[in-house]
Amino acid sequence: SITSTTFACQYDPRSSRTWTRTVSPDRVDSLCSIAGADGAGCCDLAFAEPGAARRLKGSVVANQLARLGGYTWGDEQTAVAEPVGAGEVRGWRTRVRLDTARDGRAGFHRYHSAELVTDLNCAQLPVELVDGLSEMRWTPGAHVHAVLDSDGRRHVVQSGPKPVRTGNRAGGPKNPTRVVEGEYEAAQRVGGREWMLPVTAFWQAHRGAAALYSELVADRSGLQPGMTAWDLYGGAGVFAAALAQQVGPDGQVLTVDTSRGASRAARNALADLPWVSVVTDSVRRALSAQSVRPDVVVLDPPRTGAGREVIDALAATEAPRVIHIGCEAASFARDVGLYLGHGYSVEELRVFDSFPLTHHVECVAVLTR
């Protein structure tokens, strides 16, 4: 617990008792200068010693797995979130989206508030990612996207604001986008392959996360040449690239995502791998159109998880091996429970501290049947 040793004592005359207020030895001065109850909501665990924060995150995931998934994961010593890369808690983020206030200044939302904090010195961000952005003025209501590509070059794009609707018609240009610095697309590289992605598109925020997950998926896939793999919620196809190398030209890889931009990036980046099929559609519809049983399925759904309908459909394919990735503890735990209900067992489960100084985690379950 982060509330454990004596801090101060006070006397309560109503009960004639002395109560003790305690604070944990794991509590530290905030590691983020702008975070806190009266500051920004960017780093909600900045008050915890990093090792203690990883133990706390592991404990939360274990609790959710037991309560929502009916699965027991580890103990107090082993149920711990693993650091990513060298485990730095500051300066790990390579992309950020800022909102803008009425006066045109960019900022983070105040803790549990719609108000903005326009001091951009968040501990997650390297200085070069936001340098000078606080002095600039933006279109009120717009989003400011800043990205450091794989070469360390910065790209800044303003998107929005959304058109104001008047009656049944929206006035002004539709979702205007303006490149302020660099290019609209930024180069990201994993495993020797390059992706060109819009600055506004999804990519793993932690500089070491994409490579870590890709290597983990490849290592745990169990694929051999000629096999079939599915990459669901596949985004730009980072996992599809790793899976395609394993199954080779005699195999098949299907990657599915609803984002046209992500699918376009996948087609461009994987153009030299004709045995990879890129489908722009919902995972549910894509599953209903498949007739071949996959040898392994990789899923990386959004925070809401895959859910019952998708997991029921996946189980019906009799896929013998599933690698499920989740970035929200409760929905991940629920999904693990759904797999268990279909006769899958957990071969391996790992939790990563991919978002240091925050309560967020990334979870990976390898399931077999």
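# Why each label fits

Biologist: Why is proline 249 called exposed?

Modeller: Its relative accessible area is 63%. Exposed means over 50%, buried means under 20%, and partly exposed lies in between (1.4 Å probe, protein chains only). The value of 63% passes the exposed cut-off, so the label fits proline 249.

Biologist: What kind of model is this?

Modeller: This is a predicted model: local features need pLDDT of at least 70, side-chain atom pairs count only at pLDDT 80 or more, and totals for chains, interfaces and linings use all residues. Residues are numbered from 1 along each chain as its sequence is written, and side-chain values use heavy atoms, without hydrogens or water.

Biologist: Where does proline 249 lie?

Modeller: Proline 249 is in the loop between helix H4 (238–247) and strand S15 (252–257). Helices (H or I, at least four residues) and strands (E, at least two) are DSSP runs, numbered from the N terminus. Glycine 248 follows H4 and has a positive phi, near 70°.

Biologist: What makes H4 largely enclosed?

Modeller: Count its buried residues. Eight of its ten residues are buried, so the rest of the structure largely encloses H4. Among them are Val238, Phe239 and Leu243.

Biologist: How many aromatic pairs are there, and what makes a pair?

Modeller: There are four. Rings of Phe, Tyr and Trp (its six-membered ring) pair if their centres lie within 6.5 Å. Planes under 30 degrees apart count as stacked, over 60 as edge-to-face, and the rest as tilted.

Biologist: Why is the pair of tryptophan 195 and tryptophan 203 called tilted?

Modeller: The centres are 6.0 Å apart, so the two rings pair. The planes stand at 50°, which is neither under 30 nor over 60, so the pair is tilted. Both tryptophans are buried.

Biologist: What about tyrosine 213 and phenylalanine 352?

Modeller: Their ring centres are 6.1 Å apart and their planes are at 55°, so this pair is tilted too. Tyrosine 213 is in helix H3 (residues 209–220) and phenylalanine 352 is in strand S19 (residues 345–353), so the pair ties together parts 139 residues apart in sequence.

Biologist: Are those two residues buried or exposed?

Modeller: Tyrosine 213 has 2% relative accessibility, so it counts as buried. Phenylalanine 352 has 1%, so it counts as buried.

Biologist: How do you know which strands S7 pairs with?

Modeller: Count the bridges. Two strands pair if DSSP finds at least two bridges between them. S4 and S7 have five, in the antiparallel sense. S7 and strand S8 (residues 154–159) have six, also antiparallel. Both counts meet the cut-off, so both are pairs. Valine 96 stands opposite alanine 146 in S7, and leucine 148 stands opposite arginine 154 in S8.

Biologist: What lies between S7 and S8?

Modeller: The two strands form a hairpin with five residues between them. In the turn, glycine 152 has a positive phi of about 80°.

Biologist: What makes S6 and S11 edge strands?

Modeller: An open sheet has six strands in the order S6-S5-S4-S7-S8-S11, with antiparallel pairing. Strand S6 (116–117) and strand S11 (177–181) each pair on one side only. Five of the six residues of S7 (residues 143–148) are buried, so S7 is largely enclosed by the rest of the structure.

Biologist: How many disulfides are there, and how do you know?

Modeller: The count is zero. A disulfide is a pair of cysteine sulfur atoms within 2.5 Å. For cysteine 42, the nearest cysteine sulfur is that of cysteine 122, 3.6 Å away. For cysteine 327, the nearest is that of cysteine 363, 8.7 Å away. Neither distance is within 2.5 Å, so neither cysteine 42 nor cysteine 327 is in a disulfide. Cysteine 42, at 13% relative accessibility, counts as buried. Cysteine 327 is buried as well, at 17%.

Biologist: Which residues line the largest cavity?

Modeller: Leu45, Ala48, Pro50, Ala53, Lys57, Val89, Asp353, Pro356, Leu357 and Thr358 do. Helix H1 (residues 50–69) gives the most to this lining, with three residues. The space in the largest cavity is about 50 Å³.

Definitions and conventions
On a 1 Å grid over the protein atoms alone, a cavity is a set of points where a 1.4 Å probe fits but cannot get out, and a pocket is an open set with protein on both sides within 12 Å along at least five of seven lines; lining residues have an atom within 4 Å of a point. Grid points are joined across faces, edges and corners, and a volume is the space filled by probe spheres set on the points.
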